[in-house]
Amino acid sequence: MKLVFCPSCHTVGVKARVERNRCEACGKEARLVRVAYPWQYWLGVGLVFGGAMFLLVPQFVAGLPWEPLVGTLSLRLVWLVPFIGVGLYLTNWAVRVMKDRALERGLELYPEEAKA
Ligand SMILES: [Zn+2]
């Protein structure tokens, strides 16, 4: 994932790494803006990884303390919903934070073009 800032219309777009840096709003060339991943991103990733471990490891390792909690398919599905739900909520939140920061950075980095 990468963030691009359009100096022409101040739109921040989220793109896949391989996509061209074209503005979604006006079609002009947008600039790549590097923004650090916020804590919401890492927490979301950690939660999804942690959740996957929590659900999968007892199927390979016997005798774990939480094994009865994830012993059946329906129990695993019940756990899956909050893990995925909260994980998606956090990553969406992270993207919003990153877009805000990308807008700030973009305005700092390309002020002349932004005014034009
Ligand atoms: Zn634009």
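**Three strands and a turn**

Colleague: Which residue stands opposite Val-4 in β3?

Modeller: Quick note before that: this is a predicted model, where local features need pLDDT of at least 70 and side-chain atom pairs count only at pLDDT 80 or more, while totals for chains, interfaces and linings use all residues. Residues are numbered from 1 along each chain as its sequence is written. β1 and β3 run antiparallel, joined by three bridges; strands here are DSSP runs of E, at least two residues, numbered from the N terminus, and two of them pair if DSSP finds at least two bridges between them. Opposite Val-4, in β3, you'll find Leu-32.

Colleague: And which residue of β2 stands opposite Lys-2?

Modeller: β1 (residues 2-5) pairs with β2 (residues 12-15) over four bridges, in the antiparallel sense. Lys-2 faces Lys-15.

Colleague: Which strands stand at the edges of the sheet?

Modeller: The sheet is open, with three strands in the order β2-β1-β3 and antiparallel pairing. Two of the strands have a single partner each, so one side of each is left without a neighbour in the sheet. Those are β2 and β3 (31-33).

Colleague: What's the phi of His-10?

Modeller: His-10 sits in the loop between β1 and β2, a hairpin with six residues between its strands. Most residues other than glycine have a negative phi. His-10 isn't a glycine, yet its phi is positive, about 65°.

Colleague: Is His-10 exposed, partly exposed or buried?

Modeller: Buried takes 20 or more other C-beta atoms within 10 Å of a residue's own, exposed 12 or fewer, and partly exposed lies in between, with C-beta atoms placed from the backbone. His-10 has 15, so it counts as partly exposed.
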